[in-house]
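Here are my notes on the structure, set out as numbered points for a reader who has the coordinates open.

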Amino acid sequence: MSSASGSARRSGATVIQAYRFALDPAPAQERMLRSHAGAARFAWNWGLARCQQRYQAEGRWYSGSELHKLWNAGKKADPALAWWAGNSKCVYQEAFRDLDRALRDFIASKKGQRKGKRLGFPRFKKRGRCRDSFRFSTGAIGCTGTTVTLPRLGVIRTHESTRKLARRLGAGTARILSATVSRTAGRWFVSFTVEVERAIPERHARPGSAIGVDLGVRTLLTGVDDQGTVVTVAGPKALRSSLRRLRRASRAHSRKAAGSANRRKSAARLARIHARVATVRADALHKATSSLAARYENVVAEDLNVAGMTRNRRLARAIADQGFGMARRMLGYKTSWNGGYLLLAGRWYPSSKMCSGCGAVKAKLPLSERTCRCDCGLVTGRDVNAAANLLNLAASGAESLNARGGTVRPGPAGRVPVKQEPGAAHADQTGTASEQPLAAEQELTHAH
Ligand SMILES: [Zn+2]
């Protein structure tokens, strides 16, 4: 946080955001992109082989900067490595940094110092079996409105407008820290990690306003606000139709014989539709969460996707889970940009099973049941009931709210102080040209 500037009611803050754009490279540029991705993969494998050898012999490996030195010496001595100069030298260095990070994550995970899934020792990357990705952190990196500029690759056209970022760069309120190029479902993307100056209001424009939000599968989200207004965001038509296409393609894919050319083709098609769904969903979520964060000081949502909320089919599940996490992160940073808060209900809070009228909790509520009928006479939609419960939770106090690692700020007068979940998002998950903040440590790992 930097010190306050401008008017007394606003404070300046520096946030790290990701800007992601789909690239439209010329054929020669496409070849260069592949070459750089190959170079990053080669450097990773080259470094990993050395680290493995040393680990077996001495129980330790090389750091990223040691690998870089070894590489600089090796590439001149070994004629087989003469092709290195065809790519930006930055790409090799960044691959060694990624490897360094992956090795440290492995150790932290082994010692139980790292949250999440247990990590294995880093693996070798195989062409076609890993994500094509590489990164620049120095050199000519920028954008103009319809293009981006990258070291060695020059000016590349983009499918989306880069104007928002270009304007910030021009005004001096943004600084690009790095550019990660990656390929998803046959399409190239660049994700800029950008340091942005933001003016954050001391207090939300509508103090005391609150909304409970139920994140859904059928609808994007359903909310109930402190005035009793029900807000439903159905999601764009494009999302529903691409989801339908995804289901069809997935069924067709499962019928193809394993190892056949047809199966390979259908897998590529499936990946393309997946990428499309992710883009459309992210775009819709950006719009919906921006509007919620602007309108309500307190937004209450569930912390995690409560088990059983989605139909127990892997495809629907994966898509929904991805959406929940994304929506939660967006609400986290967008509420804080507006001077508001994201409040998270604990994962055991029975927002769906409880009657929002009388508080009676049902033992079971089958997923097919889209309406809540209670003995007290209340009949509501399932999503509306859940949203109303989340809203009630905010009004009743914060004891059930979960805010791990949040920063504490005084809550609205007459209310229990609430905690705020700071936003953190992953560059890969936007799929759009929208802004989102990025945790610096995630940025370093996301090129794997
Ligand atoms: Zn009831």
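**Notes on the predicted model**

1. Arg 152 is partly exposed, its relative accessible area being 48%. In this predicted model, Arg 152 sits in the loop between strand S4 (147-150) and strand S5 (154-158), and Arg 152 has a positive phi of about 70° although it is not a glycine.

2. A second residue deserves a similar look: Ala 185 has a positive phi of about 45°, again without being a glycine. Ala 185 belongs to the loop between strand S6 (174-184) and strand S7 (187-201), and with a relative accessible area of 27% Ala 185 is partly exposed.

3. On the chain as a whole, the protein contains nine helices and 17 strands, and 48% of its 448 residues count as buried. Among the contacts in the protein chain with a separation of 6 or more, residues 24 or more positions apart account for 67%. The exposed surface of the protein chain comes to about 22100 Å², of which carbon and sulfur atoms supply 52%.

4. Turning to helix packing, the axes of helix H1 (residues 27-58) and helix H3 (residues 89-110) come within 8 Å and cross at roughly 45°. Because angles from 35 to 65 degrees are neither roughly parallel nor roughly perpendicular, H1 and H3 are oblique to each other, and the crossing in which H1 passes H3 is right-handed.

5. Which residues make the contact between H1 and H3? From H1 the contributors include His 36, Ala 39, Ala 40, Ala 43, Trp 44 and Tyr 55, while those from H3 include Val 91, Tyr 92, Phe 96, Asp 98, Leu 99 and Lys 110. By class, the residues of the contact of H1 with H3 divide into 15 nonpolar, two polar and two charged.

6. H1 also meets helix H2 (residues 64-77), where the two axes come within 11 Å and cross at roughly 110°. Angles of 65 to 115 degrees count as roughly perpendicular, and H1 and H2 are therefore described as roughly perpendicular to each other.

7. The contact of H1 with H2 is made by Phe 42, Trp 46, Gly 47, Arg 50, Cys 51 and Arg 54 of H1, together with Glu 66, Leu 67, Leu 70 and Trp 71 of H2. The residues of this contact divide into six nonpolar, one polar and three charged. Trp 46, Gly 47 and Cys 51 of H1 are listed in the contact with H2 and are also listed in the contact with H3.

Terms used: Residues numbered from 1 in each chain as written. Predicted model: local features only at pLDDT ≥ 70, side-chain atom pairs only at ≥ 80, totals over all residues. Heavy atoms only, no water. Axes fitted to C-alpha atoms, helices over the stretch in contact; angles between N-to-C directions. Helix = DSSP H or I, 4+ residues; strand = E, 2+ residues; numbered from the N terminus. Parallel < 35°, antiparallel > 145°, perpendicular 65-115°, else oblique. Left-handed = near helix turned anticlockwise from the far one by under 90°. Contact = heavy atoms within 4.5 Å. Nonpolar A, V, L, I, M, F, W, Y, C, P; charged D, E, K, R; others polar. Buried < 20%, exposed > 50% of the residue type's maximum accessible area, 1.4 Å probe, protein only. Areas by Shrake-Rupley, 256 points an atom, 1.4 Å probe, with all protein chains shown as cover.
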